[in-house]
Every structure is written in structure tokens, then in C-alpha cells.
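Let's take a friendly walk through one protein model. Have the sequence and the 3D view ready as you read.

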Amino acid sequence: MPELPEVETTVRGLARFLEGETITRVTVNRPDMRRPFPPDLVQALTGASVTHLSRRAKYGLIHTSRDHAMIFHLGMSGRWRIDPEVDEKHDHLVIETAGHRFALNDPRRFGSVDLMTSSELVTWKPFTALGPEPLGDDLTPEHLREATRGRKQAIKLLLLDQSIVAGLGNIYVCEALWHAGIHPRKAGGKVTLPQLRRLVPAIKDVLERSISDGGSTLRDFAQPDGNLGYFATRFHVYGREGEPCHHEDGGTIRRIVQGGRSTWFCPVCQR
């Protein structure tokens with residue numbers, strides 16, 4: 001599943017070609033993906049200018065001069081293709097400007113598209129339930145301490161809770177916990193403030209490095225221009241079961257299952 005860095009990379013890639021442009025044509029090639037396309041999508045976007053693009057958690061937003069925002073989620077396998085040479089059957093939505101075509105491609109159709117006015121965004125349920133952005137100033141050790149105080153649930157699972165931190169996914173939580181030296185099974189309420197002071201910058205650093213590398217290409221994800229992100233070549237624990245830890249005094253990377261998802265960690269470095 002494309003995670004925050006992949007969505008951020010996508011938004012930045014689209015912005016290079018879309019910002020300031022007028023949408024000349026919108027084509028919806030099927031009635032739905034995970035849920036139906038908004039019935040007024042074509043009318044709302046056609047003829048509108050794109051003012052800017054943004055991201056919230058794992059959602060990308062295309063803002064227009066008509067005070068609308070088209071919100072897209074890439075689901076499990078979604079990606080945008082810019083100026084595709086050939087049409088594909090999984091290009092479910094195509095947006096055109098005078099100079100470019102943008103195709104939202106999603107073979108598994110777990111992605112979604114919504115249309116909101118700026119005022120509606122403030123109260124849109126998926127957004128109101130989200131915690132602070134991990135790359136913003138609101139994610140602090142003190143926030144995590146309050147959010148996890150007295151919690152018996154494992155810190156790994158708490159970090160995946162979107163109401164605690166918005167946009168974090170399995171890959172980057174595993175990597176950040178390794179950098180911070182925190183065992184993924186440790187109860188959230190037992191993680192100390194000094195550990196949280198290591199964890200917050202670790203989260204930000206892992207995400208920023210992945211964005212710089214263009215994301216982690218796993219299976220289906222690619223950037224809008226077709227290039228593949230290469231942060232996956234820099235994983236310290238994710239997917240490395242049985243391999244040696246990258247710390248000189250580390251152990252062998254182990255894999256366990258938490259909440260139905262795999263977790264990789266070093267039993268020596270992470271306490």
C-alpha cells in the first residue's frame with residue numbers, strides 16, 4: 001500500500017504539471033473504485049483552474065479555483081500516470097489540461113475519489129478523526145506521551161492508529177522504532193519520555209529520507225512520471241528477517257505478527 005512518503009511524492013510530482021493549469025476535460029471510465037465517483041465530479045472540475053495541491057495523511061488533494069478539492073486515496077495499488085503513451089484498462093479517471101493528461105490507475109480498485117468544498121473539508125469525517133501530521137510541528141514527544149499514557153497496547157500498534165499520528169504505515173513505523181531503539185511489543189504506556197524524544201525525530205527522519213528517495217517501491221507503486229522510488233534499498237529492518245542488524249552490536253532481524261501485520265525488529269537493539 002502506498003504510504004505517506006509515496007503519497008507526498010505523488011502530490012509533488014503532480015503539482016509540477018498541474019498547478020496553475022486549467023482542466024479542459026475530465027473522463028470517468030467506470031462508475032466506481034472503492035466507492036462511486038462523485039456524480040458532479042466532471043462538471044465541478046471541467047473548466048476550473050488548479051490553484052495548488054496538498055496532502056493530509058495518506059490522502060492527496062487537488063484544489064481548484066471553484067473552491068472545490070478533489071481528494072484521492074491510492075488504496076492498495078493506485079498511482080497517477082502523467083502523459084501515458086497508451087491507455088490502460090485500469091485508468092479509471094483521466095484529467096486533461098492544455099498540455100498534459102493525468103490518468104488515475106488502480107488495478108485493485110481499493111482507491112477512492114471524493115469532491116468537497118473548502119468549508120466541507122474542515123468537518124469531513126475521515127479528516128476530523130486524524131491525529132497530527134508526523135512531519136508537522138504538532139507531533140511532539142509530549143503529544144505521544146499523552147496519547148499513550150496508561151495504554152497497554154503495543155507501541156507499534158498505537159503508532160499505526162491514525163487518530164494518534166496521521167499517515168504512518170507499517171514500513172515506516174518498523175524503521176522508526178529501530179532507529180529509536182524501542183521494542184515494537186513494548187506497551188505504549190511504558191515507553192519513556194526519553195525514548196519518545198528519540199522516536200519523534202526518528203519518525204520525521206525516516207519519512208523525509210523516503211520522500212527524498214522517491215518513496216519505497218513495493219509491488220505496484222511508482223511515481224507519476226513512472227520512476228521507481230528506491231528507499232526500499234535502505235531498509236534497516238523491514239523485510240530483512242534472518243539478516244544481521246546494521247548496528248555493529250546488533251543481533252539478527254526477527255519477524256513477528258502484530259495486529260495481523262508483520263513487524264520486523266532487532267531483539268538486541270530494541271528494548
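Helices (H or I, at least four residues) and strands (E, at least two) are DSSP runs, numbered from the N terminus. With that in hand, R108 can be placed in the loop between β7 (101-105) and β8 (112-117). This is a predicted model, in which local features need pLDDT of at least 70, side-chain atom pairs count only at pLDDT 80 or more, and totals for chains, interfaces and linings use all residues. Residues are numbered from 1 along each chain as its sequence is written, and side-chain values use heavy atoms, leaving out hydrogens and water.

R108 also appears in UniProt, where an unreviewed entry lists H90, R108 and R151 under "binding site" (such annotations may be inferred rather than shown by experiment). These residues spread over 62 residues of sequence and, in space, up to 42.9 Å between C-alpha atoms.

The domain assignment of the protein chain, automatic or from a database, gives two entries:

| Domain | Residues |
|---|---|
| domain 1 | 4-129 |
| domain 2 | 141-265 |

The C-alpha centres of domain 1 and domain 2 lie 28 Å apart.

How do helices α1 and α8 pack? Helix α1 (residues 4-18) and helix α8 (residues 193-212) meet at an angle of about 40°, and their axes (lines fitted to C-alpha atoms over the stretch in contact, with angles from 0 to 180 degrees between N-to-C directions) are 9 Å apart. That makes α1 oblique to α8, as angles under 35 degrees count as roughly parallel, over 145 as roughly antiparallel, 65 to 115 as roughly perpendicular and the rest as oblique. In contact (heavy atoms within 4.5 Å) are L4, P5, E6, E8, T9 and R12 of α1 with L207, S210 and I211 of α8.
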